[in-house]
Number of protein chains: 2
Amino acid sequence: MSTEKTRCKGIPLTVVKRLPGYQRLLSDLAAKEVERISSRELAAKMKINASQVRQDLSLFGSFGQQGYGYRVSYLLAEINKILGINTETKMVLVGAGHLGRAIANYHNFARRGFIIEALFDQNPQVIGKTINNLTVKDVRELGAYLTTAPAEIGIICTPAVVAQEIADLLVRHGVKGIWNFAPVSLKVPANVCVEHVHLGESLMILSFQLKQGEEASKIQKKLQNNC
Amino acid sequence: MSTEKTRCKGIPLTVVKRLPGYQRLLSDLAAKEVERISSRELAAKMKINASQVRQDLSLFGSFGQQGYGYRVSYLLAEINKILGINTETKMVLVGAGHLGRAIANYHNFARRGFIIEALFDQNPQVIGKTINNLTVKDVRELGAYLTTAPAEIGIICTPAVVAQEIADLLVRHGVKGIWNFAPVSLKVPANVCVEHVHLGESLMILSFQLKQGEEASKIQKKLQNNC
DNA sequence: CATACTTTGTTATAATCTATAACAATTCTG
DNA sequence: CAGAATTGTTATAGATTATAACAAAGTATG
């Protein structure tokens, strides 16, 4: 592929996408006070191959012991480290519209150490309001705020037209990761990470599946031609 | 891969993911009243290869003419058909919490023909409230409602614990696609499509990138060993 | 209206990426 | 201490994806 990457920081994206799965599984096991687990058992629960589990983990280090397997608590701790969970990550959110407010109220993030420290908006009618114990600040204060209280992640929930401008501002003030909900592809320096949530595209893909299901005739014809 | 599919309705997922891109590009061209475009020009704008454009499109039919290229208006219309855009798709939304309300207020969907026809919730304090001109109904009425007013897509914005139950109910009443925002993997019959939006995983992947960037030493060592 | 040019749709090929298998090395267990 | 178990890693096989190549068919032009 030209534009879309298949790797992320040197790790295959397919592996990265499995990491949250491992994390959840190990959390469950830890909660059940399971002490040890083998790659075979892990694989069974993840519905993948045992080799793959070992290969995935080996990309990050050696966490198991021959003849024994993996100590659940240790492996969980290591995966949490890899994912940056439980180490308090400070975030600021820009754009306190409907979506921004929804994100600000989502407590699951905070539970894992992702803390929204401040909210910003452009709209005078929104500025000053309190959302989930935070008062919405004027976006013009964003730069000054970040200077005194740096954040690692900036969440962009603004309209598409201003998203790039906000991204630039965030980057200029030391933000290292951007969680972007605006439907534009942001340009940022190489040392800054962007994770894009494509709601519109997601809906279109669902719609695509529906339409294809309806009139699958075309494709079936194509497939028949291949035989 | 074992669990994750690489194809969607017979079409490679990589292609499906490019479709919204083509759609947006062609919309822009149509707005600028551009009449024709070649695969080479399209490819340049999409930052991919011309062969790939032709191969992508050929999966759905023959939309161009040798020696001429593609008529923008026609190709756009065809891609809109493929994606199910502009053909009024009826949706119901279940779970009018923060996220549900944000979705209900997002007008970009309606602009493309995706209409939310009704909202449902379990919470008596939410039932009866008006959101974007729709009154939130009691979720216990969901089945009866769908019987009289069928919908193609159900949007699940409920807590994870009740998501499967709601999905079952939706499917039982004829919904063919589920847009799921709850952090669980739903089980549905083969003829029903699910598109999952993983907010939590998306944030974890961003966090992963940040942490890996910080202490990239490990990986760099690994890479050096490979040389 | 004939010729040169363009560009598609499709088949073939190359390149890349992903998953599986295999095994030496190491630790556990009785 | 011997035998069983299981890792980490390298090698291999299997898909998938992107690119190239080309015949077929239309366009443009004098």
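# Why these labels?

Mentor: Start with A:Asp138, which is buried, its relative accessible area being 13%.

Trainee: What makes A:Asp138 count as buried?

Mentor: Buried means under 20% relative accessible area, exposed means over 50%, and partly exposed is in between (1.4 Å probe, protein chains only). A:Asp138 has 13%, so the label is buried. Before we go on: this is a predicted model, in which local features need pLDDT of at least 70 and side-chain atom pairs pLDDT 80 or more, while totals for chains, interfaces and linings use all residues. Residues are numbered from 1 along each chain as its sequence is written, chains are lettered from A and ligands numbered from 1 in the order written, and side-chain values use heavy atoms, leaving out hydrogens and water.

Trainee: Why is the pair A:Arg140 and A:Asp138 called a salt bridge?

Mentor: The rule asks for a side-chain nitrogen of Lys or Arg within 4 Å of a carboxyl oxygen of Asp or Glu. Here the N to O distance is 2.8 Å, so the pair fits. The partner A:Arg140 is exposed, at 74% relative accessibility.

Trainee: How many salt bridges are there over all chains?

Mentor: The structure holds 8, and 2 salt bridges lie across the interface of chain B and chain A. Take A:Glu152 and B:Lys211: their closest N and O atoms are 3.7 Å apart, so this pair passes too. A:Glu152 is partly exposed at 24%, whereas B:Lys211 is buried at 10%.

Trainee: How do you know that B:Lys81 and B:Glu78 are about one helical turn apart?

Mentor: They are 3 residues apart in helix H4 of chain B, which means a separation of about one helical turn. Helices are DSSP runs (H or I, at least four residues), strands likewise (E, at least two), numbered from the N terminus. B:Lys81 and B:Glu78 also form a salt bridge, at 3.1 Å.

Trainee: What makes B:Ser202 and A:Glu195 a polar contact?

Mentor: A polar contact needs a pair of N or O atoms within 3.5 Å; within protein, one must be able to donate a hydrogen and the other to accept it, and residues adjacent in sequence count only if both atoms are side-chain atoms. The side chains of B:Ser202 and A:Glu195 are joined at 3.3 Å, so the distance fits. B:Ser202 is in helix H9 of chain B and is buried at 7%.

Trainee: How many residue pairs are in polar contact between chain B and chain A?

Mentor: There are 8, with both residues at pLDDT 80 or more. H9(B) gives the most to the side of chain B that touches chain A, with 16 residues.

Trainee: How much area do chain B and chain A bury between them?

Mentor: About 6100 Å², 69% of it on carbon and sulfur atoms. Buried area is the accessible area (1.4 Å probe) that two parts lose on being put together, summed over both. Contact, meaning heavy atoms within 4.5 Å, takes in 68 residues from chain B and 67 residues from chain A.

Trainee: How do you know that the copies meet through the same surface?

Mentor: Of the interface residues of chain B, 99% are also interface residues in chain A, so the surface is the same.

Trainee: What turn lays chain B on chain A?

Mentor: A turn of 180°, with a shift of 0.0 Å along the axis and an RMSD of 0.1 Å. The two copies are therefore related as by a two-fold rotation axis. The superposition is by least squares on the C-alpha atoms of residues with pLDDT of at least 70 in both.
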